[in-house]
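Colleague: Please take me through the reading of a protein model, feature by feature. I should like the general idea of each term, followed by the case at hand.

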Amino acid sequence: MSKLAVDLSAGRDAGNAGMAQRPSALTKGRVIFDFDRGEIECQQDSGIRRFSMDSKEGFKLAADAWLRAGWDAKYVYSFTWFGRPVIQLPDDLIRIQEVVWAVKPDVVIETGVAHGGGQVFFASLLRAIGKGRVIGVEIELRSHNRIAIEAHPMSDDITIVDGSSIEPDVVADVSKQIAPDETVMVVLDANHTYDHVLAELEAYGPLVSEGSYIVATDGIMERLEGAPRSQEGWTDDNPGAAVRRFLAEHPEFELAQPFPLFNEGVAVEPVTYWPNAYLRKKTASER
Ligand SMILES: C[S@@+](CC[C@H](N)C(=O)[O-])C[C@H]1O[C@@H](n2cnc3c(N)ncnc32)[C@H](O)[C@@H]1O
């Protein structure tokens with residue numbers, strides 16, 4: 001494995017310590033946007049708080065409303081990347097682009113292909129960087145999506161492995177496509193249950209290069225309590241819980257949610273459907 005020393009997380013809690021807690025639910029209660037005054041008022045059992053829209057607190061309330069409304073309205077189902085539907089929040093795509101640019105992986109493994117937008121997204125970044133390829137794992141690649149991916153200008157840099165991402169044969173098929181000295185990054189976006197994500201972390205964690213990342217997407221599930229498109233079990237059955245369990249048993253990884261590399265504004269908390277998603281494999285000297 002190559003020895004990358006990429007730190008995209010200046011300001012985060014050190015090591016795994018900050019990872020032990022579950023993230024809080026999105027803001028609850030009644031939030032009133034006053035565009036005339038440039039204020040946001042939050043009415044909760046604990047009292048009424050009012051913030052300017054240009055404050056860190058005001059922005060967080062707006063961001064929580066945005067994340068919740070976006071989930072309810074299926075906002076993420078409204079984008080394409082180079083012609084293929086990509087089911088992600090654009091903020092998450094921009095942020096992971098920063099990570100890809102820093103790591104410059106030889107291989108990005110993405111579980112959960114759907115329409116292939118993620119495959120094309122990573123392949124386009126790697127082609128622009130000048131090296132690298134993408135391996136997708138999909139349990140049910142629909143024929144029209146397979147045809148479109150195979151016909152896409154990025155297709156030379158994309159290999160799809162068919163099957164469940166946690167099947168040993170599938171994991172072995174992916175593994176054998178990777179040379180020992182290649183830099184590998186992994187994105188988990190298949191089945192988002194606790195059991196499945198934990199099994200994926202165990203299966204693909206060993207493939208991740210030192211200094212590189214495995215990203216367990218859609219941890220927003222545990223922040224969506226009570227939302228119409230959420231399910232009751234999500235409070236416990238979610239990718240974030242799998243990440244916490246995995247970290248407790250794998251000190252070679254640390255939570256490394258990327259912080260903005262450039263930030264001239266007041267917003268510091270990530271606007272993301274992937275909270276506590278980025279696990280970085282420590283380098284030998286960091287262990
Ligand atoms: C949210 S979509 C993936 C979106 C895609 N990554 C993108 O960026 O547009 C989830 C996909 O995971 C697939 N999936 C579900 N369970 C899976 C499993 N066990 N193994 C592999 N893929 C699975 C589904 O068929 C679906 O296509």
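Colleague: In which sense do S6 and S9 pair, and over how many bridges?

Modeller: Helices (H or I, at least four residues) and strands (E, at least two) are DSSP runs, numbered from the N terminus, and two strands pair if DSSP finds at least two bridges between them. Here S6 and S9 are parallel and share 5 bridges. Within that pairing, Glu 110 stands opposite Val 187 in S9. The model is a predicted one, in which local features need pLDDT of at least 70 and side-chain atom pairs count only at pLDDT 80 or more, while totals for chains, interfaces and linings use all residues. Residue numbers start from 1 along each chain as its sequence is written.

Colleague: What does S6 pair with in addition to S9, and which residue is the partner of Glu 110 in S7?

Modeller: S6 also pairs with strand S7 (residues 133-138), in the parallel sense and over 5 bridges. The bridge partner of Glu 110 in S7 is Gly 136. Glu 110 therefore has a partner in each of two strands: Gly 136 in S7 and Val 187 in S9.

Colleague: How is the connection between S6 and S7 to be read, and what is its handedness?

Modeller: A crossover is right-handed if, with the strands pointing away from the viewer, the path from the first strand over the helix to the second runs clockwise. S6, helix H3 (residues 117-129) and S7 form a β-α-β unit of this right-handed kind.

Colleague: Are the residues of S6 buried or exposed?

Modeller: A residue is buried if 20 or more other C-beta atoms lie within 10 Å of its own, exposed if 12 or fewer, and partly exposed in between, the C-beta atoms being placed from the backbone. In S6, 5 of the 5 residues are buried, so the strand is largely enclosed by the rest of the structure. Val 107, Ile 109 and Thr 111 cover one side, Val 108 and Glu 110 the other.

Colleague: Where does S6 stand in its sheet?

Modeller: The sheet is open, has 7 strands with mixed pairing, and follows the order S8-S7-S6-S9-S10-S12-S11. Its edge strands are strand S8 (158-162) and strand S11 (253-255), each pairing on one side only. Neighbouring strands are turned by 20 degrees against each other on average, direction ignored; axes are lines fitted to C-alpha atoms, for helices over the stretch in contact, and angles run from 0 to 180 degrees between N-to-C directions.

Colleague: How does the sheet continue from S9 to S10, and from S10 to S12?

Modeller: Strand S9 (residues 184-188) runs parallel to strand S10 (residues 213-216), with 3 bridges between them, and Val 186 stands opposite Ile 214 in S10. S10 and S12 are antiparallel, again with 3 bridges, and Ile 214 has Leu 279 as its bridge partner in S12. S11 and S12 are likewise antiparallel, over 3 bridges, with Phe 253 partnered by Lys 281 in S12. Both faces of S12 are covered: Tyr 278 and Arg 280 are buried on one side, Leu 279 and Lys 281 on the other.

Colleague: Which strands does helix H6 lie across?

Modeller: Helix H6 (residues 194-204) lies across strand S6 (107-111), S9 and S10, at about 170 degrees to S10. Helix H7 (residues 239-249) packs on the sheet as well, touching S10, S11 and strand S12 (278-281), and its direction makes about 145 degrees with that of S10. Contact between two residues requires their C-beta atoms, placed from the backbone, to lie within 7 Å.

Colleague: What do the buried residues of H1 pack against?

Modeller: They pack against strand S1 (30-34), strand S2 (39-44) and strand S3 (47-52). These 3 strands form an open antiparallel sheet in the order S1-S2-S3, with S1 and S3 at the edges. S2 and S3 are joined by 6 bridges, and Glu 39 has Ser 52 as its bridge partner in S3.

Colleague: Why does Leu 61 count as buried?

Modeller: Leu 61, a residue of helix H1, counts as buried because it has 21 C-beta neighbours inside 10 Å. Beyond its neighbours within four places in sequence, Leu 61 is in contact with Thr 27, Val 31, Ile 40, Cys 42 and Phe 51.
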